[in-house]
Structures are given as C-alpha cells and as structure tokens.
Amino acid sequence: KKIDLYIIKKFLGTFFFAILLIMAIAVVLDYNAKMDNFAEHEAPWKAIAVYYCTFVPYMANMLAPLITFVACIFFTSKLAGNSEVIAMLASGISFNRLLRPYMISALLIGTLTFALNSYVIPVTSVTRLSILKKYYKDKDVRIQRNNQFMVAPGEVAFFYSFDRETQTGNRFALEKFDSTKLVSRLTADKAEWLGNDTWKLSNVKIRDINEKGEEVTFTYEVDSVIHVAPEDIIIGKEDMEKMTTPDLHQYIQKQKTRGVGNIKEYEIEYHKRFSAIATAFILTFLGVCLSSKKIRGGMGVNLGIGLVLAFSYILFQTVSSSFAVSGAMSVELAVWLPNIIYLPLCWYVYEKKAPR
C-alpha cells in the first residue's frame, strides 16, 4: 500500500505540475494572439481575467490525454532510471501488481476529465464564449437557410431562412400529414418567435385538403403554437460546448425525432466525453510498459517514442471523426476506433517492452 500511494502521488503530482506548466505557456501564447483584438474592443481587465479563468480548465481538459501520457512516461522513466522499478520487482512485486496504482491514477484522471467535460466546462463555456463574442470575434451562426425538420409526428416545418439575432424566419411552411397523405399546408411570409412555443405569423395562407377538395383561408397576422424553438433550428458548433452531457443527449434525441441530419458533431462530442475515460487507461498502460525498463539513452528515448504514439493517437482520432461527419462511418465506431486499434498495440508493447 505504501508503494501504491507513492506511485499514485508521483503520477498525479507530475500530471498536475505538467498541467500548470503547460497552461501557463498556453495563457501567454493565447493572450499574445488576442491582445490586439482585446485592445481594439476595449476589453476591461476584469473580463480578460474571467476569460482566462474559464480558458484554463477548457484547455487543460482538451490536453489531458496527452499530458497524462507524457506525465506517466516522465516519472516512470525517472523511477526506472533510479532503479526503483527494479527494486520493486526484485522484492517480489509482479509487473501486473505494479500496474494497479497506475490504473487507479488513470481512473481518477479519467473520472475528473469526464466530470469537467460533462458538468463544469459547459457552464464556464457560456461565459468564455460570450466574452470572445463581445471582445474578440463573433463566431455564432446567425443566419441559416433551408431548414426542414419534423415538429411532431405527421408535422413537417420549413424555414427558407432563419435569423438567430432577430429570432425571425422567412418563408415559413408547416405541413400536416395523415400517414403519407397531405391534409393541411400553412405558409407565412414571416414567422417571429414570441417564446413558450408561440410564433407570430404574417401573411398566412392555410390550405385544408379533404375529400371534398381544398379550402383556402388567408390571415394577415396570427399567433400560433408550434412546438419548436430557435435553438432547434440553428445548430452552431460552439453550442454543444455549452451543454452538459445529459442536456447534450436529450438534444440529440430530440433532433433525431425531428429528422434533423446535421447533428453528427454533437453525437461525436457526446461519445468523446465517454471515450476519454478509456483513453486515460490506454495511454497510461502504454506509458508504463514503454518506460518501466531502464534503457540506454534514458528518459529522452522514452519521451520521444511516447510523443510519437500520443500524437498519432490524437491524429487518428481527428481523422476518424471526419469520417463520421462525412457519413462514411458511424459516429460510435469513429469515436471508439482509435481505442479499439490501440488495444492490440497495448498488448504488443506489454509483451515486448514490459519488464518481467
């Protein structure tokens, strides 16, 4: 137990020290890149300080897999270089038993990463993105065209264009079906969001189709209850950063029932939050197996090999995600494929590199 606590303390200590070091560099680089825009928009120092208080956990969580891997290799190579690993194995501890504190540390890091991703960062991202929008660059999608989706079973809505800023849509249509048969079609030149599922429709034309023929009515302006909100119409890439994991899951399910097709990136983000836990275990396991032997060349060789593997993992994760966005691969497979492929690599490194 003393050895377990010793390794866990060393692992987590190295991990958080590396986080602090890298975040200090990241803040300086990010401020240098944004300082002109902040000055141009006369951003107060209080807003800048709040921005970086929310930027640090966001960036730290993004780099957590890489830092976990580097931290594991760094301190394990140091243990091996000081012959501490040899002493542990010589005292009768098997390598499999030696892995236990590493896996406990990976569990703690993976759980922390998931908690930050699921509940903390979505809350802080609201503040971070609002400050960026006001003082740096507005990346919000304001206008989206040709939006078609299912409002309810048998009801399909269409907006030719929708403006998020004014919460107004142009050339709106609402069609109602009985099975595959069109029974009603409402069109309006303009639809303005009033809140609570209520829309103000202008220049309304309603065609009711029945067995006797068509009945057409015209209305200049009417308030109508339509179960859709502006956030269901315009889907921005940054919106998913503001959602907790339960909210993200609920949003994906709601958009699927409405027949919205451009939610792949939301699904990728949802599955990535869970796969990050497995990533922490895989990269930790690789790091231990690679660096637990004392080799000629010391820590530098282990770090070099580790960085190549870590960056290849991140690159592979990015490429596979692009396949999911294009529809060439299912989202679940694309997100979990790097972990699936790296499992045989873990076994190979364990058999060839791990000390016995």
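Where does A229 lie? In this predicted model, A229 sits in the loop between strand 6 and helix 5 (230-233). Is A229 buried or exposed? With a relative accessible area of 9%, A229 falls under the 20% cut-off, so A229 counts as buried. If you want a distance to check, take A229 and M243: they are 14 residues apart along the chain, and their C-alpha atoms are separated by 16 Å.

**The sheet**

Strand 6 belongs to an open sheet of 6 strands, so let's go there next. The strand order is 1-2-3-4-5-6, and the pairing is antiparallel. Strand 1 (143-152) and strand 6 (213-225) are the edge strands; each has a single partner strand, so one side of each has no neighbour in the sheet. On average, and ignoring direction, neighbouring strands here are turned by 15° against each other. As background, strands of a sheet pair through backbone hydrogen bonds, either parallel or antiparallel.

Here are three of the pairings, each with one residue pair picked out.

| Strands | Bridges | One facing pair |
|---|---|---|
| strand 1 and strand 2 (residues 155-163) | 8 bridges | Q144 and F162 |
| strand 3 (residues 168-178) and strand 4 (residues 181-195) | 10 bridges | L174 and L186 |
| strand 4 and strand 5 | 10 bridges | R185 and R207 |

In words: Q144 stands opposite F162 of strand 2, L174 has L186 of strand 4 as its bridge partner, and R185 is bridged to R207 of strand 5.

**Turns and backbone angles**

Now for the hairpins. Strand 3 and strand 4 form one with 2 residues between the strands, and S179 there takes a positive phi near 65°. The hairpin of strand 4 and strand 5 also has 2 residues between the strands, and in this hairpin N196 has a positive phi near 55°. D197 is found in the loop between strand 4 and strand 5 as well. D197 is not a glycine, yet its phi is positive, at about 60°. Its relative accessibility is 27%, so D197 counts as partly exposed.

Away from the sheet, S83 is another one to look at: a positive phi of about 65°, although S83 is not a glycine. You'll find S83 in the loop between helix 2 and helix 3 (84-90). At 31% relative accessibility, S83 is classed as partly exposed.

**A serine in strand 5**

Which residues does S202 touch, once its neighbours within four places in sequence are left aside? The contacts are A188, D189, K190, Y220 and E221. S202 itself lies in strand 5 (residues 198-210). Its relative accessible area is 12%, so S202 is buried.

**Helix packing**

Helix 2 (residues 45-81) packs against helix 7 (residues 264-291): their axes come within 8 Å and cross at roughly 25°. That angle is under 35 degrees, which means helix 2 is roughly parallel to helix 7. The crossing of helix 2 and helix 7 is right-handed. On the helix 2 side the contact is made by P65, T68, F69, C72, I73, T76, S77 and A80. Helix 7 brings T279, A280, L283, T284, L286, G287, V288, L290 and S291. By class, this contact has 10 nonpolar, 7 polar and no charged residues.

Helix 2 also meets helix 1 (residues 2-40), with the axes 5 Å apart and an angle of about 140°. Angles over 145 would count as roughly antiparallel, so helix 1 and helix 2 are classed as oblique to each other. The crossing of helix 1 and helix 2 is right-handed. By class, the contact of helix 1 with helix 2 has 28 nonpolar, 2 polar and 3 charged residues.

**The way into helix 7**

One last stop is I263, in the loop between helix 6 (245-257) and helix 7. Is I263 buried or exposed? Its relative accessibility is 2%, so I263 counts as buried. For another distance to check, I263 and A278 are 15 residues apart in sequence and 24 Å apart in space, C-alpha to C-alpha.

Definitions and conventions: Residues numbered from 1 in each chain as written. Predicted model: local features only at pLDDT ≥ 70, side-chain atom pairs only at ≥ 80, totals over all residues. Heavy atoms only, no water. Axes fitted to C-alpha atoms, helices over the stretch in contact; angles between N-to-C directions. Helix = DSSP H or I, 4+ residues; strand = E, 2+ residues; numbered from the N terminus. Parallel < 35°, antiparallel > 145°, perpendicular 65-115°, else oblique. Left-handed = near helix turned anticlockwise from the far one by under 90°. Contact = heavy atoms within 4.5 Å. Nonpolar A, V, L, I, M, F, W, Y, C, P; charged D, E, K, R; others polar. Pairing = 2+ DSSP bridges. Buried < 20%, exposed > 50% of the residue type's maximum accessible area, 1.4 Å probe, protein only.
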